[in-house]
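Here are a few exercises to work through with the model open beside you. Try each task on your own before you read its solution.

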Amino acid sequence: MSKHEDEAQKTVVACAECGDMYVARISPDGSIRPVGIVNCTCGEGDLNQVRNEHSIEQ
Ligand SMILES: [Zn+2]
């Protein structure tokens, strides 16, 4: 099993306002950063991590 240092963990975040979901990366320092966006397209609501029991990696 190879392990790359620059391979961030992935998670899913969901907008608290409209429910849209986005892929996010978990930085080594533990912060969660949505991929490709800064805020939800609705402009409202916080992006909260969706608890997933299974890895979303394929
Ligand atoms: Zn939203």
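**Exercise 1. Get an overview.** Work out what share of the residues counts as buried, and how the elements run from the N terminus on.

Solution. Start with burial: of the 58 residues of the protein, 9% count as buried. Next, go through the elements. There are zero helices and four strands, so the order from the N terminus on reads β-β-β-β. Keep in mind that this is a predicted model. Its mean pLDDT is 83, and 76% of the residues reach 70 or more. Among the elements, confidence is lowest in S3, with a mean of 91, and highest in S2, with 94. Finally, look at the contacts between residues at least 6 apart in sequence: 41% of them join residues at least 24 apart.

**Exercise 2. Assemble the sheet.** Find the order of the strands in the sheet and name the edge strands.

Solution. Begin with S1 (residues 9-15) and S2 (residues 21-26): they run antiparallel and are joined by six bridges. Two pairs help to fix the register here. Val-12 has Val-23 as its bridge partner in S2, and Gln-9 stands opposite Ile-26.

Now go to the other side of S2. Three bridges link S2 to S3 (residues 32-34), again antiparallel, and Ala-24 stands opposite Pro-34 in S3.

Then add the last strand. S1 and S4 run antiparallel with four bridges between them, and Cys-15 has Leu-47 as its bridge partner in S4.

Put together, this is an open sheet of four strands in the order S3-S2-S1-S4, with antiparallel pairing. The edge strands are S3 and S4, each of which pairs on one side only. On average, neighbouring strands of this sheet are turned by 45 degrees against each other, direction ignored.

**Exercise 3. Inspect the hairpins.** Which residue takes a positive phi in the hairpin of S1 and S2, and which one does so in the hairpin of S2 and S3?

Solution. Take the hairpin of S1 and S2 to begin with. Five residues lie between its strands, and Gly-19 takes a positive phi near 85 degrees. Move on to the hairpin of S2 and S3: there are five residues between these strands, and here Gly-30 has a positive phi near 100 degrees.

**Exercise 4. Compare two residues.** Decide whether Val-13 is buried or exposed, and do likewise for Gln-49.

Solution. Locate the residues: Val-13 is in strand S1, while Gln-49 lies in strand S4 (residues 47-50). Then count C-beta neighbours inside 10 Å. Val-13 has 21 of them and therefore counts as buried, since the cut-off for burial is 20 or more. Gln-49 has 12, so Gln-49 counts as exposed, because 12 or fewer is the limit for that class.

Now check their surroundings, leaving out residues up to four places away in sequence. Gln-49 touches Thr-11, Val-13 and Ile-32. Val-13 has a list of contacts that includes Met-21, Tyr-22, Ala-24, Pro-34 and Val-50. Gln-49 is also among the contacts of Val-13.

Distances complete the picture. Val-13 and Asn-48 are 35 residues apart in sequence, yet 5.0 Å apart in space, C-alpha to C-alpha. For Gln-49 and Ala-24, a sequence separation of 25 residues goes with 8.4 Å between the C-alpha atoms.

**Exercise 5. Find the core.** Which residues make up the largest nonpolar core?

Solution. Recall the background: in soluble globular proteins, nonpolar side chains tend to be buried together. Here the largest nonpolar core has five residues: Val-13, Cys-15, Ala-24, Cys-40 and Leu-47. To trace some of the links, start from Val-13, whose contacts include Ala-24 and Leu-47. Then turn to Cys-15: outside its neighbours within four places in sequence, Cys-15 is in contact with Asp-20, Cys-40, Cys-42, Gly-45 and Leu-47. Leu-47 thus appears in both contact lists, that of Val-13 and that of Cys-15.

Terms used: Residues are numbered from 1 along each chain as its sequence is written. This is a predicted model: local features need pLDDT of at least 70, side-chain atom pairs count only at pLDDT 80 or more; totals for chains, interfaces and linings use all residues. Helices (H or I, at least four residues) and strands (E, at least two) are DSSP runs, numbered from the N terminus. Two residues are in contact if their C-beta atoms, placed from the backbone, lie within 7 Å. Two strands pair if DSSP finds at least two bridges between them. A nonpolar core is a set of buried Ala, Val, Leu, Ile, Met, Phe, Trp, Tyr and Cys residues joined through C-beta atoms within 7 Å. Axes are lines fitted to C-alpha atoms, for helices over the stretch in contact, and angles run from 0 to 180 degrees between N-to-C directions. pLDDT is the predictor's confidence in each residue, from 0 to 100.
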